[in-house]
Amino acid sequence: MTSNTRVVVIGAGLAGVRLARRLGELGTPVTLIGEEEHRPYNRVLLAEVLAGRYTPEVIALPAPAALTRARVAGIDRGARTVECADGSKIAYDTLVLATGSNPVLPPLRGLFTPDHELPVGVHAFRTMDDCLGLSEAVRPGVKAVVIGGGLLGVSAARALAQRGAQVILAQQSERLMERQLDPSASKLVRRHLGDLGVEVHTDLRVRDVRCVGGAVRSVEMADGYALDAEIVVLACGVHPRVGLAQTAGLEVRKGIVVDDELRTSDPHIHAIGDCAQHDGTVYGLATPALEQADVLAELLAGRTNARYTGTRSLTRLTLAGQTAFDLAAFGETEALPGDDVVQLADATRGTYRKVVVRDDRLVGGVLVGELGTVGALARAWEGAEPLPSDGGPLLHLLTNDGGS
């Protein structure tokens with residue numbers, strides 16, 4: 001790629017900023033387009049801002065100089081221009097979609113006002129504006145209901161509890177963080193939230209949001225039971241933001257389909273991060289987004305042997321504060337018939353460690369509490385090398401807190 005090639009990146013989240021920064025380091029100029037008024041920030045840390053532990057400035061990302069604040073309305077693939085909502089156009093030779101994801105808004109009765117807005121007191125939790133709006137609304141004693149018990153819901157519930165809210169977490173499935181954790185680890189998360197005063201309900205389906213005068217007053221369950229609520233947080237997951245790609249005629253399935261060069265069905269357009277689908281997978285996590293940005297930076301800078309072949313990502317959640325809580329999960333945390341499982345639990349210390357071994361290879365694990373071994377275990381998992389048959393080194397990895 002020549003030095004005067006025009007690279008335009010739509011999306012100033014983790015993936016877009018990382019790509020722009022790496023391209024700058026490699027001597028390739030780039031125009032980064034972001035629609036939020038705030039400085040680019042690390043979305044992973046929004047719960048810490050809500051908890052009052054960090055200010056927005058602390059989680060800001062180092063933004064490239066060529067940051068354009070605009071909302072993109074469309075892409076003209078024939079003319080190779082990005083069309084902005086204000087009528088301006090930005091020409092590109094190579095376009096990168098790093099548009100991220102949108103929060104899932106569940107199909108609840110009463111969720112939207114007649115103007116198709118969320119009622120006063122109902123908040124999604126995806127952007128800095130969402131976070132700041134919640135921070136203004138929360139106060140000691142306020143009744144808050146968090147809908148969704150995944151990673152985001154757990155983080156939001158804990159942050160609200162730290163701010164003094166009376167928090168109820170409603171989870172439709174049978175346990176918290178079921179995508180990442182096995183039942184034993186999930187119980188420890190639930191116990192931790194309970195110690196903070198969070199009331200957790202699982203196997204509970206929300207049916208209705210009740211409002212008075214445009215403001216939320218209660219949340220009604222499928223069985224008719226109602227929870228008083230002055231604040232409702234929607235933490236029901238995310239879906240890839242693919243509207244621009246669809247309108248432009250790119251191939252979209254769950255996400256924007258890309259190959260090993262992170263190229264879409266248009267050879268002049270690439271996609272990375274939460275919006276991208278590679279080899280059938282939409283990751284929706286920070287680590288794959290950053291790895292994709294690094295690979296694409298190499299490609300766009302002319303290092304043609306770079307390829308993205310997927311990410312074996314580890315989920316890690318550190319909940320800081322007076323009662324710190326750490327967990328990590330990777331790979332397959334539930335055993336299949338014939339797998340070997342090694343578990344170590346200490347109820348007094350609230351720690352739990354489990355690994356799953358299949359055909360002498362570490363295929364997954366989950367750790368709660370002390371995470372000193374997580375680095376060594378993750379390396380053994382990522383390497384996919386056969387483990388010694390006597391099991392001694394694996395037990396050493398589980399028990400040696402200097403392993404990371």
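This is a walk through one protein chain, from its overall build down to a few single residues. Keep in mind that the model is a predicted one.

Let's begin with the whole chain. It holds 9 helices and 25 strands. The radius of gyration is 23 Å, and the globule rule gives 22 Å for 404 residues, so the chain is as compact as a globular protein of that length. If you turn the model along its principal axes, the C-alpha trace spans about 65 × 60 × 35 Å.

What share of the residues is buried? Buried residues make up 50% of the 404 in the chain. The surface that the chain exposes comes to about 18600 Å², and carbon and sulfur atoms supply 47% of that area. The chain carries 41 positive and 49 negative charges, and the mean positions of these two groups are 2 Å apart.

Contacts tell us how the chain folds back on itself. Take the contacts between residues at least 6 apart in sequence: 59% of them join residues at least 24 apart. Keep that in mind as we look at single residues.

A good place to start is the aromatic rings. A pair of aromatic rings is described by the distance of the centres and the angle of the planes. How many such pairs does a search of the whole structure find? The search finds 1 aromatic pair. The partners are Phe330 and Trp381, with ring centres 5.1 Å apart and an angle of 45° between the planes, which makes the pair tilted. Phe330 belongs to strand E22 (residues 325-331) and Trp381 to helix H8 (residues 374-383), so the pair ties together parts that are 51 residues apart in sequence. Both Phe330 and Trp381 are buried.

Let's stay with helix H8 for a moment. Of its 10 residues, 7 are buried, so the helix is largely enclosed by the rest of the structure. Those buried residues are Val374, Gly375, Ala376, Leu377, Ala378, Ala380 and Trp381. Ala378, which sits in helix H8, has a relative accessibility of 10% and counts as buried. Between the C-alpha atoms of Ala378 and Gly365 there are 8.5 Å in space, while the two residues are 13 apart in sequence.

Now find Thr315 in strand E21 (residues 314-319). Is Thr315 buried or exposed? Its relative accessible area is 10%, and a residue is called buried when that value is under 20%, so Thr315 is buried. Leaving out residues up to four places away in sequence, Thr315 touches Leu151, Gln180, Leu285, Leu327, Ala328 and Ala329.

Met128 is another residue to look up, this time in helix H3 (residues 128-137). Its relative accessible area is 2%, so Met128 is buried. Which residues does Met128 touch, not counting those up to four places away in sequence? They are Glu36, His38, Tyr41, Leu46, Pro56 and Ile59. With one of them, Glu36, the C-alpha to C-alpha distance is 8.6 Å, although Met128 and Glu36 are 92 residues apart in sequence.

Next come the loops. Ala306 lies in the loop between H7 and E21, and at 13% relative accessibility it counts as buried. Ala306 touches Val295, Glu298 and Leu299, not counting residues up to four places away in sequence. The C-alpha atoms of Ala306 and Asp260 are separated by 8.8 Å, while the residues are 46 apart along the chain.

Our last stop is about backbone angles. Most residues other than glycine have a negative phi. Met177, however, has a positive phi near 50° and is not a glycine. You will find Met177 in the loop between strand E11 (166-170) and helix H5 (183-195). Asp279 also has a positive phi, of about 50°, without being a glycine. The place of Asp279 is the loop between strand E20 (276-278) and helix H7 (286-300).

Where do these two residues stand in terms of burial? Met177 has a relative accessible area of 1% and is buried, whereas Asp279, at 68% relative accessibility, counts as exposed.

Key:
Residues are numbered from 1 along each chain as its sequence is written. This is a predicted model: local features need pLDDT of at least 70, side-chain atom pairs count only at pLDDT 80 or more; totals for chains, interfaces and linings use all residues. Side-chain values use heavy atoms; hydrogens and water are left out. Helices (H or I, at least four residues) and strands (E, at least two) are DSSP runs, numbered from the N terminus. The radius of gyration is taken over C-alpha atoms; the globule rule is 2.2 Å times the number of residues to the power 0.38. Buried means under 20% relative accessible area, exposed over 50%, partly exposed in between (1.4 Å probe, protein chains only). Contact means heavy atoms within 4.5 Å. Accessible areas come from the Shrake-Rupley method with a 1.4 Å probe; for residues, only the protein chains shown count as cover. Lys and Arg count as positive and Asp and Glu as negative; His and the chain ends are not counted. The place of a charge is taken as NZ of Lys, CZ of Arg, CG of Asp or CD of Glu. Rings of Phe, Tyr and Trp (its six-membered ring) pair if their centres lie within 6.5 Å; planes under 30 degrees apart count as stacked, over 60 as edge-to-face and the rest as tilted.
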